[in-house]
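Here is a brief report on one protein chain. Sequence and structure come first, and the notes follow.

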Amino acid sequence: MAHAVEAEIPRKATREEMRDAKLPMAYRDSCANLLIPLNRCRFDTYYMPWKCETERHSYEKCQYVEFKKRVAKMNELREAKDGARSN
């Protein structure tokens, strides 16, 4: 049963892997483990838009899920302040 849980949680890229892949600092987030193979695929296929669709979809979905988490956290913080905005 433990193997099923481990399969669902993607392994995060290490700093060394991100450095070796020459990822810009802005892209070194929790989805970097998906961006590294996407960039490699893009390079290998000369950035043809119809190639690497599964890698791109996985990366974009990860970015969307992370965005939803940030929005939920911000709403949670707003509720703790009785709806007051920080800006």
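Glu 66 is partly exposed, because its relative accessible area is 21%, and the cut-off for buried is under 20%. The model is predicted. Glu 66 forms a salt bridge with Lys 69. Lys 69 counts as exposed, at 51% relative accessibility; the cut-off for exposed is over 50%. The two residues are three apart in helix α4, so about one helical turn separates them.

Glu 76 and Lys 73 form another salt bridge. They too are three residues apart in α4, and about one helical turn lies between them. Both partners are partly exposed: Glu 76 has a relative accessible area of 49%, and Lys 73 has 45%.

Arg 11 pairs with Glu 17. Arg 11 is exposed, with a relative accessible area of 55%. Glu 17 is partly exposed, at 31%. The whole structure holds five salt bridges; the table lists some of them.

| Acid | Base | Closest N and O atoms |
|---|---|---|
| Glu 17 | Arg 11 | 3.2 Å |
| Glu 66 | Lys 69 | 3.5 Å |
| Glu 76 | Lys 73 | 3.7 Å |

**Overall fold**

The protein chain has four helices and zero strands. From the N terminus the order is α-α-α-α. Of its 87 residues, 16% count as buried. The chain exposes about 7,500 Å², and carbon and sulfur atoms supply 57% of that area. Take the contacts between residues at least 6 apart in sequence: 27% of them join residues at least 24 apart.

**The core and α3**

Which residues make up the largest nonpolar core? There are 12 in all: Ala 13, Met 18, Leu 23, Cys 31, Ala 32, Leu 35, Ile 36, Leu 38, Cys 41, Cys 52, Tyr 59 and Cys 62. Helices α3 (32-44) and α4 (53-80) each supply at least two residues of this core. The largest share, five residues, comes from α3.

Helix α3 has 13 residues. At 1.5 Å a residue it should span 18 Å, and its end C-alpha atoms are 18 Å apart, so the two values agree. Its buried residues are Ala 32, Asn 33, Leu 35, Ile 36, Leu 38 and Cys 41. They pack against α2 (15-20) and α4. Just after α3, Tyr 46 takes a positive phi of about 55°.

Ala 32 sits in α3. Its relative accessibility is 0%, so Ala 32 counts as buried. Beyond four places away in sequence, Ala 32 touches Ala 13, Met 18, Leu 23 and Tyr 27. Ala 32 and Arg 11 are 21 residues apart in sequence, and their C-alpha atoms are 9.9 Å apart in space.

Tyr 59 is another member of the core. Leaving out residues up to four places away in sequence, Tyr 59 touches Tyr 27, Cys 31, Leu 34, Leu 35 and Leu 38. Tyr 27 thus appears in the contact lists of both Ala 32 and Tyr 59.

**The surface patch**

Which residues form a nonpolar patch on the surface? Tyr 64, Val 65, Phe 67 and Val 71 do, with about 350 Å² of accessible area together. Tyr 64 belongs to α4. At 49% relative accessibility, Tyr 64 counts as partly exposed, because exposed requires over 50%.

Conventions
Residues are numbered from 1 along each chain as its sequence is written. This is a predicted model: local features need pLDDT of at least 70, side-chain atom pairs count only at pLDDT 80 or more; totals for chains, interfaces and linings use all residues. Side-chain values use heavy atoms; hydrogens and water are left out. Buried means under 20% relative accessible area, exposed over 50%, partly exposed in between (1.4 Å probe, protein chains only). Contact means heavy atoms within 4.5 Å. Accessible areas come from the Shrake-Rupley method with a 1.4 Å probe; for residues, only the protein chains shown count as cover. A nonpolar core is a set of buried Ala, Val, Leu, Ile, Met, Phe, Trp, Tyr and Cys residues joined through side-chain atoms within 4.5 Å. The expected span of a helix is 1.5 Å times one less than its number of residues. Patches are made of residues with over 30% relative accessible area and no salt bridge: like charges are joined within 9 Å, nonpolar side chains (Val, Leu, Ile, Met, Phe, Trp, Tyr) within 5 Å. A salt bridge is a side-chain nitrogen of Lys or Arg within 4 Å of a carboxyl oxygen of Asp or Glu.
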